[in-house]
Amino acid sequence: MGLNGLLFAALAAFAVASALAVVFVRHTVYAALFFVAHLMALSGIYALLNAPLLAVVQVMVYGGAVMVLFVFAIMILDANELEKLTQGGSLKSMLWAGGLGSLLIGAFFGLSNRFHIASALAPGAPEGSPGLWVDNVANLGRMLYRDYLFAVEATAVLLLVAVVGIMVMAKRKLE
Amino acid sequence: MMNIDLTLTLSALIFCIGAMGVIMRRDPLVMFISIEMMFNAANLALVALSDYFGKIEGQTVVFLVIAVAAAEVAVGLAIIIAIFRTEKDVDVDGISNLHG
């Protein structure tokens with residue numbers, strides 16, 4: 001355990017609690033804010049998992065850029081109109097959701113007990129190896145721009161296409 | 001190195017909560033946030049396995065997934081707003097234009 005274990009437990013509890021709050025809180029703006037809290041907890045977990053660059057990117061891209069988009073959308077869609085929708089959460093949909101959720105969780109635990117997922121895959125990194133934290137940014141950059149260069153370029157094209165598509169959708173007269 | 005079983009369990013739990021949100025809510029934005037939550041659960045599994053095996057490939061893939069997710073959020077929100085502008089209705093149950 002140690003300090004890392006305690007930190008992980010606290011962050012994991014925070015992440016799960018805020019995820020539940022996103023699903024169950026009534027107002028859309030509050031759901032968005034709880035989602036930001038959820039993302040911050042995940043960012044801390046990334047840092048514990050030796051991914052410091054991803055922890056920072058998570059805060060900047062998700063917590064910053066994506067959430068600004070969400071809040072803009074809430075502003076345009078009229079939060080009061082959205083709030084009315086959540087009041088009639090029918091019992092049937094709750095039952096479906098609960099049933100599916102417990103089925104998924106049960107399936108996961110069943111599989112992981114049956115096959116010992118992680119430990120069966122392969123032995124982990126050797127004990128006492130320097131780990132991914134050292135030179136994380138340099139290694140990640142080298143990997144992205146050498147071995148995964150095509151994927152990076154394809155992602156760049158995808159982003160460009162997305163931006164052009166949004167411009168077309170926003171400009172056109174809708175009827 | 002964190003305990004791999006714990007991190008994978010956390011990832012599965014968050015994924016299930018996200019799936020629950022998509023089914024339960026009728027508010028398109030909260031459904032979309034729940035989908036993002038499922039994306040994040042998958043990312044967490046990738047980072048956890050990258051840590052477990054001591055290889056950086058998992059983190060590289062997460063980097064690309066975050067970029068694709070950002071593009072997906074922008075397009076998805078634009079579609080939701082376009083539907084709202086034409087239909088004047090934000091209830092996902094009421095939108096059935098593509099229904100044969």
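**Entry 1. α8(A) against α3(B)**

I started with the contact in which Ala151(A), Thr155(A), Leu158(A), Leu159(A), Ala162(A), Gly165(A), Ile166(A), Met169(A) and Ala170(A) of α8(A) meet Leu64(B), Ala67(B), Val68(B), Ala71(B), Ala74(B), Val75(B), Ala78(B) and Ala82(B) of α3(B). By class I noted 15 nonpolar residues, two polar and no charged in the contact of α8(A) with α3(B). The model is a predicted one. I then looked up the geometry: helix α8 of chain A covers residues 149-171, and its axis runs 10 Å from that of α3(B) at an angle of about 10°. Angles under 35 degrees count as roughly parallel, and α8(A) and α3(B) are therefore roughly parallel to each other.

**Entry 2. α2(B) against α3(B)**

Next I took the pair within chain B. Helix α2 of chain B spans residues 28-53 and helix α3 of chain B spans residues 57-87; their axes come within 9 Å and cross at roughly 175°. The limit for roughly antiparallel is over 145, and α2(B) and α3(B) are therefore roughly antiparallel to each other. From α2(B) I listed Pro28(B), Phe32(B), Glu36(B), Phe39(B), Asn43(B), Leu46(B), Val47(B), Leu49(B) and Ser50(B) as residues that make the contact. The α3(B) side includes Glu57(B), Gly58(B), Gln59(B), Val61(B), Val62(B) and Val65(B), and further along Ala69(B), Val73(B), Gly76(B) and Ile80(B). I recorded 12 nonpolar, five polar and two charged residues in the contact of α2(B) with α3(B).

**Entry 3. α2(B) by itself**

I checked the span of α2(B): 26 residues reach 38 Å from the first C-alpha to the last, close to the 38 Å expected at 1.5 Å a residue. Is α2(B) largely enclosed or not? I found 20 of its 26 residues buried, so α2(B) is largely enclosed by the rest of the structure. Just after α2(B), Gly54(B) takes a positive phi of about 70°.

**Entry 4. Chain B against chain A**

I looked up the whole interface. Chain B has 59 residues in contact with 70 residues of chain A. On the chain B side, α1 (4-24), α2 and α3 each supply at least two residues. Which helix gives the most to this side? I found that α3(B) does, with 22 residues. The side of chain B that touches chain A divides into 42 nonpolar, nine polar and eight charged residues.

**Entry 5. The largest nonpolar core**

This core has 63 residues, of which Ile45(A), Ile14(B), Ile33(B), Leu44(B) and Val47(B) touch the most other members. Both chains contribute: α1 (2-24), α2 (28-48) and α3 (52-77) of chain A, and α1, α2 and α3 of chain B, each supply at least two residues. The largest share of the core, 13 residues, comes from α2(B). In soluble globular proteins, nonpolar side chains tend to be buried together.

**Entry 6. Leu44(B) and Leu10(B)**

I followed one of the core members, Leu44(B). Not counting residues up to four places away in sequence, Leu44(B) touches Leu42(A) and Ile45(A) in chain A, and Thr7(B), Leu10(B), Ser11(B) and Ile14(B) in chain B. I then went to Leu10(B), which is placed in helix α1 of chain B. With 23 other C-beta atoms within 10 Å, Leu10(B) is buried; the cut-off is 20 or more. Leaving aside neighbours within four places in sequence, I found Leu10(B) in contact with Ala12(A) and Leu44(B). Leu10(B) and Leu44(B) are 34 residues apart in sequence, and their C-alpha atoms are 8.5 Å apart in space.

**Entry 7. Chain A and Asn50(A)**

I counted eight helices and zero strands in chain A. Of its 175 residues, 23% count as buried. Among contacts in chain A with a separation of 6 or more, residues 24 or more positions apart account for 58%.

For α2(A), I noted end C-alpha atoms 31 Å apart, which agrees with the 30 Å that its 21 residues should span at 1.5 Å a residue. Asn50(A) comes just after α2(A) and lies in the loop between α2 and α3 of chain A. Its phi is near 65°, a positive value in a residue other than glycine. Most residues other than glycine have a negative phi. Buried or exposed? I found Asn50(A) buried, with 23 other C-beta atoms within 10 Å.

Note on methods: Residues numbered from 1 in each chain as written. Chains lettered and ligands numbered in written order. Predicted model: local features only at pLDDT ≥ 70, side-chain atom pairs only at ≥ 80, totals over all residues. Axes fitted to C-alpha atoms, helices over the stretch in contact; angles between N-to-C directions. Helix = DSSP H or I, 4+ residues; strand = E, 2+ residues; numbered from the N terminus. Parallel < 35°, antiparallel > 145°, perpendicular 65-115°, else oblique. Contact = placed C-beta atoms within 7 Å. Nonpolar A, V, L, I, M, F, W, Y, C, P; charged D, E, K, R; others polar. Core = buried A, V, L, I, M, F, W, Y, C linked by C-beta atoms within 7 Å. Buried ≥ 20, exposed ≤ 12 C-beta atoms within 10 Å, placed from the backbone. Expected span 1.5 Å × (residues − 1).
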